Amino acid sequence: MGARKRLMADKQKEAKKQTAIAKLNDVPTSPRKMRLVADTVRGVEVNRALDLLKFSKKAPSIPLEKLLRSAIANWEAKNPDQAKELDGGNVYVKTIMVGEGRTLKRIRPCPQGRAGRIRKRSNHVTIVLDVKKPVQEA
């Protein structure tokens, strides 16, 4: 039983070597706005994703582009012998998750002595890169 678990653990380690993760916490943008930009690059090859983010007019694309560059650097550090995979277009954005961060609550004066609440939202973004598996012909 122990040898079987060790074999599964080795398989998981090999799979983790192929993937690269980058996280960005407390981005001062609402999660909804960030998800609009994140949806455009999910499942896309990394060089194309960089182009999409670079030429996007939306403000959250700037920190997302920096995060993607960080994830690419992490992938290159983990896989120094597979640089041709990056140039060949085999590395893609496997998952991109946008979670809600902390909300700063502020108060704004309103008419008749009332106070209106302002919620300054933030988010956490996680990108996972992976290599496309070669298609095997039957």
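This is a tour of selected helices, helix contacts and single residues in a predicted model.

**Helix α1**

Start by selecting residues 2-18, which form helix α1. The helix has 17 residues and reaches 25 Å from its first C-alpha to its last. That is close to the 24 Å expected at 1.5 Å a residue. Colour α1 by burial and it proves hardly covered: the count of buried residues among its 17 is zero.

**Helices α3 and α4**

Next select residues 46-54 for α3 and residues 61-78 for α4. Their axes come within 9 Å and cross at roughly 160°. An angle over 145 degrees counts as roughly antiparallel, and α3 and α4 are therefore roughly antiparallel to each other. The crossing of this pair is left-handed.

To see the contact, show side chains. On the α3 side, pick V46, A49, L50, L53 and K54. On the α4 side, pick S61, L64, E65, L68, R69 and I72. By class, the residues of the contact of α3 with α4 are seven nonpolar, one polar and three charged.

**Helices α2 and α4**

Keep α4 on screen and add α2, residues 31-41. The axes of α2 and α4 come within 10 Å and cross at roughly 50°. At that angle the two helices are oblique to each other, and their crossing is right-handed. M34, V37 and A38 of α2 make the contact with S61, P63 and L64 of α4. Five of the residues in the contact of α2 with α4 are nonpolar, one is polar and none is charged. S61 and L64 may already be selected, since both also belong to the contact of α4 with α3.

**Helices α2 and α3**

Now hide α4 and show α2 with α3. These helices pack at an angle of about 145°, with their axes 9 Å apart. The crossing of α2 and α3 is right-handed. Select V37, T40 and V41 in α2, then A49, L52 and L53 in α3, to display the contact. The contact of α2 with α3 has five nonpolar residues, one polar residue and no charged ones.

**Two buried threonines**

Go to T29, in the loop between β1 (20-27) and α2. Is T29 buried or exposed? T29 has a relative accessible area of 15% and is buried, because a value under 20% counts as buried. Leaving out residues up to four places away in sequence, T29 touches M34, P60, R121, S122 and N123. M34 was seen earlier, in the contact of α2 with α4.

Then move to T126, in strand β5 (residues 123-131). T126 is also buried, with a relative accessible area of 15%. Beyond its neighbours within four places in sequence, T126 is in contact with I21, A22 and K23, and with T95, I96 and M97.

**Two residues with positive phi**

Most residues other than glycine have a negative phi. Two places to check against this follow.

Select D26 in strand β1. D26 has a positive phi of about 55° although it is not a glycine. D26 counts as partly exposed, at 31% relative accessibility.

Finish at Q112, in the loop between β3 (104-109) and β4 (115-120). Q112 is not a glycine, yet it has a positive phi of about 60°. How accessible is Q112? Its relative accessibility is 70%, so Q112 counts as exposed.

Note on methods: Residues numbered from 1 in each chain as written. Predicted model: local features only at pLDDT ≥ 70, side-chain atom pairs only at ≥ 80, totals over all residues. Heavy atoms only, no water. Helix = DSSP H or I, 4+ residues; strand = E, 2+ residues; numbered from the N terminus. Buried < 20%, exposed > 50% of the residue type's maximum accessible area, 1.4 Å probe, protein only. Contact = heavy atoms within 4.5 Å. Axes fitted to C-alpha atoms, helices over the stretch in contact; angles between N-to-C directions. Parallel < 35°, antiparallel > 145°, perpendicular 65-115°, else oblique. Left-handed = near helix turned anticlockwise from the far one by under 90°. Nonpolar A, V, L, I, M, F, W, Y, C, P; charged D, E, K, R; others polar. Expected span 1.5 Å × (residues − 1).
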